[in-house]
Amino acid sequence: MQSDTPHLLSGFRTYLRLEKSLSDNSVKAYIEDAKKLTDYLESNNINPVDAELQDLQNFLISLHDLSISPRSQSRILSGIRSFFHYLELEKYITKDPTELLESPKIGLKLPEFLSLDEIDRIIGSIDLSHPQGQRNKAILETLYSCGLRVSELIGLKFSDLYLDEGFIKVDGKGGKQRLVPISSTAIKEINLYLLDRNLIPVKKEFEDVLFLSRRGSALSRIMIFHMIKEQAEIAGISKNISPHTFRHSFATHLLEGGANLRAIQQMLGHEKITTTEIYTHLDRQFLRSEIQEHHPRNKKN
């Protein structure tokens, strides 16, 4: 049997890039998910365009047998649904077999976040006498103030700053841009950092990049990750944190302070409100702890 799979996956890749405007990393993940399925189908002599609901159910059973977690199964299924949606759009198939395919049940995994005191301890532990101290302080204040993804942080440019107006322009996932308010504290730390940045010999092509390495080039995700890990250790924070923890903390603290969920969605750059709604679970936990502590009926006699 001659396989149509390479042609189908190539078209799916083009669809994800051009019509869905996904990032390279997202495209790669979706293609890998679709290829897991097509490899399984072809091992059973099934052409992807001929796959039926039962074939997909058997595929999910095979993932379970390989001890792949329900959360990973759910992520793979998301890529497969997109693949069959593409096949239906391009009229390779007349009916999407994933419509009745049930997702594996997974427990809610709440993101780790820091208290305001913990954030203050981490930022306060930075040694400002160190050559990169002020830069690192500006980075952490910006992460927390704006709720940025680490890729958005390292991609920030001078031309993205509207500090007099109190905003920054962020290049988010899929090339989508958004304006995000920035706190006066972060603005102050950025302005102090710029005094140091002006002394750095900047490499060609990095003149517009805001946060630079000591060699005058852009920072990497790994560099930010290690800096935060090291700073948390110095501050005595035992939680397993990453740059994303500051983003989670930003959203959680806004919600606890009474911010509108739709506003938080826009600031985080979430395409769907359901992605932002995970923070309502954190908020409920916060509310319950507040009630337990402060309601008169919960106080011991």
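**Entry 1: helix H1**

I began with helix H1 and looked up which of its residues are hidden, and I found that Thr5, Leu8, Leu9, Gly11, Phe12, Tyr15 and Leu16 are buried. These residues cover an arc of only 160° around the axis, which puts them on the same side of H1. I note here that I am reading a predicted model.

I then turned to the face of H1 that points away from the buried side, where I found the exposed residues Pro6, His7 and Leu18. Looking for what covers the buried residues of H1, I noted that the cover includes helix H2 (24-43) and helix H4 (70-89).

I also checked the length of H1, which runs over residues 5-19: its 15 residues should span 21 Å at 1.5 Å a residue, and I found its end C-alpha atoms 20 Å apart, which agrees. Past the end of this helix I looked at the backbone, and I recorded that Ser21, just after H1, takes a positive phi of about 55°.

**Entry 2: helix H9**

Next I went to helix H9, residues 221-234, and compared its length with expectation: it has 14 residues and reaches 20 Å from its first C-alpha to its last, close to the 20 Å expected at 1.5 Å a residue. In H9 I listed Ile224, Met227, Ile228, Gln231 and Ala232 as buried. Seen down the axis of H9, these buried residues fall within an arc of 130°, so I could place them along one face of the helix.

On the face of H9 turned away from that buried side I found Ile222, Glu230, Glu233 and Ile234, which are exposed. I asked myself which helices the buried residues of H9 pack against, and the list I wrote down is H5, helix H6 (133-146), helix H7 (150-154) and H10. Just after H9, I noted a positive phi of about 75° at Gly236.

**Entry 3: helices H5 and H10**

Since H5 and H10 both appear among the partners of the buried residues of H9, I looked at how these two helices meet each other. Helix H5 (residues 116-124) and helix H10 (residues 243-256) pack at an angle of about 140°, and I noted that their axes lie 11 Å apart. Angles over 145 degrees would count as roughly antiparallel, and I therefore entered H5 and H10 as oblique to each other. I recorded the crossing in which H5 passes H10 as left-handed.

Last, I looked up the residues at this meeting, and I found that Leu116, Ile119 and Ile122 in H5 meet Phe246, Ser249 and His253 in H10.

Key
Residues numbered from 1 in each chain as written. Predicted model: local features only at pLDDT ≥ 70, side-chain atom pairs only at ≥ 80, totals over all residues. Heavy atoms only, no water. Helix = DSSP H or I, 4+ residues; strand = E, 2+ residues; numbered from the N terminus. Expected span 1.5 Å × (residues − 1). Buried < 20%, exposed > 50% of the residue type's maximum accessible area, 1.4 Å probe, protein only. Arc of directions from axis to C-beta. Contact = heavy atoms within 4.5 Å. Axes fitted to C-alpha atoms, helices over the stretch in contact; angles between N-to-C directions. Parallel < 35°, antiparallel > 145°, perpendicular 65-115°, else oblique. Left-handed = near helix turned anticlockwise from the far one by under 90°.
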